[in-house]
Amino acid sequence: MKNLLSAAAGLFLWVTVGAQNFAVTTNVLDYVDFGTMNLEASCGIARQWTLLAGVKYNPFYWKMQGNEMADRQRSVEAGARFWPWHIYSGWWLAGKFKWQEYNQGGITSPLAAEGDRYGGSLSAGYTFMLNTHLNLDIGLGLWGGYDVYTAYECLHCGKITGGGEKVFILPNDILLTFSYIF
């Protein structure tokens, strides 16, 4: 999967050299998710298609009322968007391949888990053109795939309570993004 993502990123960079439209995007709602930093770049390859690649990173632990919480992650994704009207305006549909390394816990219970997820996502949304260079996107999506994980009694104790491999479906791309169009 990592080789596939590397190949997709290489194709993205190769196409970007000749692209006439290029955008850099960040999702405001990811920052609300315990400070997850994120960046996505996309380039137009045709009137109705863009290629995209993105990263998310969250190294933080949070302490609230004596409880530790974490939604730590490193993730990489690559995919494409279809725009029925024209790129960077109106409705869109997207498909992506994604890898995520995560460490989560303490949010709804003291239990914690860490592992790697591999899979794909489908999402849809709408883009509002605010001006020539600035867009606002809203959207929703789901991603599913394969999860290899270890479960712990708490975030820092190291006592393993379980683990294994499973198939998953999770929300993804809950978007309220700002895009700068070059």
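User: How many cavities of 30 Å³ or more does the structure hold?
Analyst: The structure, which is a predicted model, holds 2 cavities of 30 Å³ or more.

User: What makes such a space a cavity and not a pocket?
Analyst: A cavity is a set of points where a 1.4 Å probe fits but cannot get out, whereas a pocket is an open set. The largest cavity holds about 130 Å³ of space, and the second largest cavity about 90 Å³.

User: Which residues and elements line the largest cavity?
Analyst: The lining has 15 residues, and Asn27, Asn38, Glu40, Glu77 and Leu175 are the closest to the centre. Two or more residues each come from strand S1 (22-27), strand S2 (37-46), strand S3 (49-58), strand S5 (67-82) and strand S9.

User: How do you know which class Asn27, Glu40 and Leu175 belong to?
Analyst: Leu counts as nonpolar and Glu as charged, while Asn is among the others and counts as polar, so Leu175 is nonpolar, Glu40 is charged and Asn27 is polar. Over the whole lining of the largest cavity, the residues divide into 3 nonpolar, 5 polar and 7 charged.

User: What is known of the lining of the second largest cavity?
Analyst: Here 13 residues form the lining, with Thr25, Arg81, Tyr88, Asp137 and Ser179 nearest the centre. S1, S2, S8 and S9 each give two or more residues to this lining. By class, the lining of the second largest cavity has 5 nonpolar, 5 polar and 3 charged residues.

User: Which element gives the most to the lining of the largest pocket?
Analyst: The largest pocket encloses about 370 Å³ of space. Its lining comprises 17 residues, and Asp33, Asp71, Gln73, Pro171 and Asn172 lie nearest its centre. Helix H2, S5, strand S6 (90-105) and S9 each supply two or more residues, and S9 gives the most, with 5 residues. The lining of the largest pocket divides into 5 nonpolar, 5 polar and 7 charged residues.

User: What lines the second largest pocket?
Analyst: This pocket has a volume of about 310 Å³. It is lined by 14 residues, of which Tyr102, Gln104, Ala113, Arg117 and Lys166 lie nearest its centre. S6, strand S7 (112-129), S8 and S9 each contribute two or more residues; S9 gives the most, with 4 residues. The classes in the lining of the second largest pocket are 8 nonpolar, 1 polar and 5 charged.

User: Why is Ile174 called partly exposed?
Analyst: Ile174 is found in strand S9. Buried means under 20% relative accessible area and exposed means over 50%. The value for Ile174 is 45%, which lies in between, so Ile174 is partly exposed.

User: What makes Ile174 eligible for a surface patch?
Analyst: Patches are made of residues with over 30% relative accessible area and no salt bridge, and Ile is one of the nonpolar side chains that can be joined. Ile174, at 45%, therefore passes the area cut-off. The nonpolar patch on the surface includes Ile174, together with Val28, Leu29, Val32, Phe128, Leu130, Ile138, Leu140, Leu176 and Phe178, and has about 840 Å² of accessible area. Helix H2 (28-32), strand S8 (134-152) and strand S9 (160-181) each give two or more residues to the patch.

User: Why is Gly162 described as partly exposed?
Analyst: Gly162 lies in strand S9. Its relative accessible area is 30%, between the 20% and 50% limits, so Gly162 is partly exposed. The C-alpha atom of Gly162 is separated by 4.9 Å from that of Ala151, and these residues are 11 residues apart along the chain.

Methods
Residues are numbered from 1 along each chain as its sequence is written. This is a predicted model: local features need pLDDT of at least 70, side-chain atom pairs count only at pLDDT 80 or more; totals for chains, interfaces and linings use all residues. Side-chain values use heavy atoms; hydrogens and water are left out. Patches are made of residues with over 30% relative accessible area and no salt bridge: like charges are joined within 9 Å, nonpolar side chains (Val, Leu, Ile, Met, Phe, Trp, Tyr) within 5 Å. Accessible areas come from the Shrake-Rupley method with a 1.4 Å probe; for residues, only the protein chains shown count as cover. A salt bridge is a side-chain nitrogen of Lys or Arg within 4 Å of a carboxyl oxygen of Asp or Glu. Buried means under 20% relative accessible area, exposed over 50%, partly exposed in between (1.4 Å probe, protein chains only). On a 1 Å grid over the protein atoms alone, a cavity is a set of points where a 1.4 Å probe fits but cannot get out, and a pocket is an open set with protein on both sides within 12 Å along at least five of seven lines; lining residues have an atom within 4 Å of a point. Grid points are joined across faces, edges and corners, and a volume is the space filled by probe spheres set on the points.
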